[in-house]
Amino acid sequence: MQRLHLVFGGELVDPTKSTFKDVEDIHIVGIFPDYATAYDAWKAEAQRTVDNAHMRYFIAHLHRLRDEEAAASPTEELG
């Protein structure tokens, strides 16, 4: 089974929190087919922006956002 991951980031209001300064400026790096690929993309972006303490990148586990036990509509079925 494919486990999709989203890598995204942006400037935070406070580097100790996870609130974005401007959600319009969130950088969507991409959607990746597995954690290892997503991690590599996350690491590259994190290293690229290391000099800005307010910049943070995250990995969202998209496969965890869906309840696999709930019945799916035909438009949700991907495979």
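This report describes the fold of one protein chain in a predicted model, moving from the overall layout to single residues.

**Overall layout**

The chain contains 1 helix and 3 strands. Read from the N terminus, these elements follow the order β-β-α-β. The chain has 79 residues, of which 23% count as buried. Among contacts with a separation of 6 or more, 57% are between residues 24 or more positions apart.

**The sheet**

The 3 strands make up an open sheet whose order is S2-S1-S3, with antiparallel pairing. Strand S2 (27–32) and strand S3 (55–61) are the edge strands, and each of them pairs on one side only. From one strand to the next, the twist averages 15 degrees. As general background, the strands of a sheet pair through backbone hydrogen bonds, in either a parallel or an antiparallel way.

S1 pairs with both edge strands. With S2, the antiparallel pairing runs over 5 bridges. With S3, again antiparallel, S1 is joined by 7 bridges. Some residue pairs can be named. Leu6 is placed opposite Ile31 in S2, and Val7 is placed opposite Gly30 in S2. Val7 also has a bridge partner in S3, namely Ile59.

How many of the 7 residues of S1 are buried? The count is 6 of the 7, so the rest of the structure largely encloses this strand.

**The helix**

Helix H1 (residues 35–48) packs on the sheet and touches S1, S2 and S3. The direction of H1 makes about 170 degrees with that of S3. H1 has 14 residues, which at 1.5 Å a residue should span 20 Å; the C-alpha atoms at its ends are 20 Å apart, in agreement with that value.

Ala38, Ala41 and Glu45 are the buried residues of H1. Viewed down the helix axis, the buried residues fall within an arc of 65 degrees, so they line one face of H1. A general rule about helices fits here: an α-helix has 3.6 residues a turn, so residues three or four places apart point the same way. The buried residues of H1 pack against S1, S2 and S3. Asp40 and Gln47, on the other side of H1, are exposed.

At the N-terminal end, H1 is capped by Asp34, with a side-chain oxygen 3.3 Å from the backbone nitrogen of Ala36.

**Three buried residues**

The table lists three residues that count as buried, with the place of each in the chain.

| Residue | Place | Relative accessibility |
|---|---|---|
| His5 | strand S1 (residues 5–11) | 3% |
| Thr49 | loop between H1 and S3 | 11% |
| Met55 | strand S3 | 19% |

The cut-off for buried is under 20% relative accessible area. His5 counts as buried because its relative accessibility is 3%. Met55, at 19%, also counts as buried, and Thr49 is buried with a relative accessible area of 11%.

What does the side chain of His5 reach? It reaches the backbone oxygen of Arg3, at 2.8 Å. Apart from neighbours within four places in sequence, His5 is in contact with Gly30, Ile31, Phe32, Asp34, Tyr35, Ala38, Ile59, Ala60, His61, Leu62 and His63. Several of these residues appear above in other roles: Ala38 is one of the buried residues of H1, Asp34 caps the N-terminal end of H1, Gly30 stands opposite Val7, and Ile59 is the bridge partner of Val7 in S3.

Met55 lies in strand S3. Which residues does Met55 touch, not counting those up to four places away in sequence? They are Gly10, Glu11 and Thr49. Met55 and Leu12 are 43 residues apart in sequence, while their C-alpha atoms are 6.1 Å apart in space.

Thr49 is found in the loop between H1 and S3. With residues up to four places away in sequence left out, Thr49 touches Met55 and Tyr57.

**Summary**

The picture is of an open antiparallel sheet in the order S2-S1-S3, with H1 packed on it. The buried residues of H1 pack against S1, S2 and S3, and S1 is largely enclosed by the rest of the structure.

Terms used: Residues are numbered from 1 along each chain as its sequence is written. This is a predicted model: local features need pLDDT of at least 70, side-chain atom pairs count only at pLDDT 80 or more; totals for chains, interfaces and linings use all residues. Side-chain values use heavy atoms; hydrogens and water are left out. Helices (H or I, at least four residues) and strands (E, at least two) are DSSP runs, numbered from the N terminus. Buried means under 20% relative accessible area, exposed over 50%, partly exposed in between (1.4 Å probe, protein chains only). A polar contact is a pair of N or O atoms within 3.5 Å; within protein, one must be able to donate a hydrogen and the other to accept it, and residues adjacent in sequence count only if both atoms are side-chain atoms. Contact means heavy atoms within 4.5 Å. Two strands pair if DSSP finds at least two bridges between them. Axes are lines fitted to C-alpha atoms, for helices over the stretch in contact, and angles run from 0 to 180 degrees between N-to-C directions. The expected span of a helix is 1.5 Å times one less than its number of residues. The arc is that of the directions from the helix axis to the C-beta atoms.
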